[in-house]
Amino acid sequence: MQAIRHSKKTHLIFTLSIFTLTVVGSVFWFMNPPIVTQGETKESIIEYTYPGKHVIVNLTNMTLVLNEGTTTLGTYPLLSQGKPGSYYETIGGVYENDYKIPLHFSSIGHVYMPYSVHVFGNYFIHGVPYYPDGTPVSSTFSGGCIRLTNTHAKIVYDFIDKGTPIIIT
């Protein structure tokens with residue numbers, strides 16, 4: 001009986017120790033922001049990191065830029081993105097295209113998305129989606145994807161190859 005009590009006490013102490021380390025560690029992690037040296041900008045990091053073909057999506061300026069090294073090949077306006085702060089917010093980050101589909105059917109929105117370039121998860125760069133009856137989706141709605149006109153989406157679709165970096169800022 002005493003061995004069982006000792007085992008429970010040891011287990012409780014161990015569990016509380018792990019909990020304490022987790023809480024203290026997470027506090028320090030939140031207190032230390034990422035370090036960026038003086039003179040570094042997002043643009044200089046992108047140019048340095050991606051000397052070849054890449055796509056930059058600027059959610060603030062609502063633009064998508066196609067680059068080959070430091071040469072800009074085209075800049076296109078976004079029609080929509082996921083609403084900031086919502087569940088469907090378009091998430092910034094650095095991604096690599098792993099596939100693209102000329103006409104993807106979204107099982108979530110139940111719509112066709114022309115010239116779909118996969119970014120990650122259920123997020124794509126694509127043209128104006130439409131319902132199976134041919135009705136286009138409202139231009140102000142997005143489930144987190146990056147929407148372009150069909151003409152611009154086709155240009156982006158043709159530009160991107162498997163492995164092309166997609167930087168969303």
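A residue counts as buried when its relative accessible area is under 20%, as exposed when that area is over 50%, and as partly exposed in between. These terms are applied below to a predicted model.

Start with Pro-129, which lies in the loop between β7 and β8 (146-147). Its relative accessibility is 3%, so Pro-129 counts as buried. Leaving aside residues up to four places away in sequence, Pro-129 touches Val-111, Tyr-112, Met-113, Pro-114, Pro-136, Val-137 and Arg-147. One of these contacts can be followed along the chain: Pro-114 is 15 residues from Pro-129 in sequence, and the C-alpha atoms of the two are separated by 6.5 Å.

The strands on either side of that loop belong to a sheet. Four strands make up this open sheet, in the order β5-β6-β7-β8, with mixed pairing. β5 and β8 are the edge strands, since each pairs on one side only. Between β5 and β6 the pairing is antiparallel and runs over six bridges. Within this part of the sheet, Phe-105 has Tyr-112 of β6 as its bridge partner. Tyr-112 is also among the residues that Pro-129 touches. Helix α3 (residues 150-159) lies across β5, β6 and β7, and it runs at about 40° to β6.

Next, look at the loop between β5 and β6, where His-110 is placed. The phi angle of His-110 is near 55°, a positive value in a residue other than glycine. His-110 has a relative accessible area of 48%, so it is partly exposed. A second residue of this kind is found elsewhere in the chain. Met-62, in the loop between β1 (53-58) and β2 (63-68), also has a phi near 55°, again positive in a residue other than glycine. Because its relative accessibility is 25%, Met-62 counts as partly exposed.

The last feature is the largest pocket, which has a volume of about 480 Å³. It is lined by 22 residues, and the closest to its centre are Ser-106, Ile-108, Gly-109, Gly-143 and Cys-145. Which elements give two or more residues to the lining? They are β5 (100-106), β6 (111-120) and β7 (123-126). These three strands are also the ones that helix α3 lies across. By residue type, the lining divides into 13 nonpolar, eight polar and one charged.

Definitions and conventions: Residues are numbered from 1 along each chain as its sequence is written. This is a predicted model: local features need pLDDT of at least 70, side-chain atom pairs count only at pLDDT 80 or more; totals for chains, interfaces and linings use all residues. Side-chain values use heavy atoms; hydrogens and water are left out. On a 1 Å grid over the protein atoms alone, a cavity is a set of points where a 1.4 Å probe fits but cannot get out, and a pocket is an open set with protein on both sides within 12 Å along at least five of seven lines; lining residues have an atom within 4 Å of a point. Grid points are joined across faces, edges and corners, and a volume is the space filled by probe spheres set on the points. Ala, Val, Leu, Ile, Met, Phe, Trp, Tyr, Cys and Pro count as nonpolar, Asp, Glu, Lys and Arg as charged, and the others, Gly among them, as polar. Buried means under 20% relative accessible area, exposed over 50%, partly exposed in between (1.4 Å probe, protein chains only). Contact means heavy atoms within 4.5 Å. Two strands pair if DSSP finds at least two bridges between them. Axes are lines fitted to C-alpha atoms, for helices over the stretch in contact, and angles run from 0 to 180 degrees between N-to-C directions.
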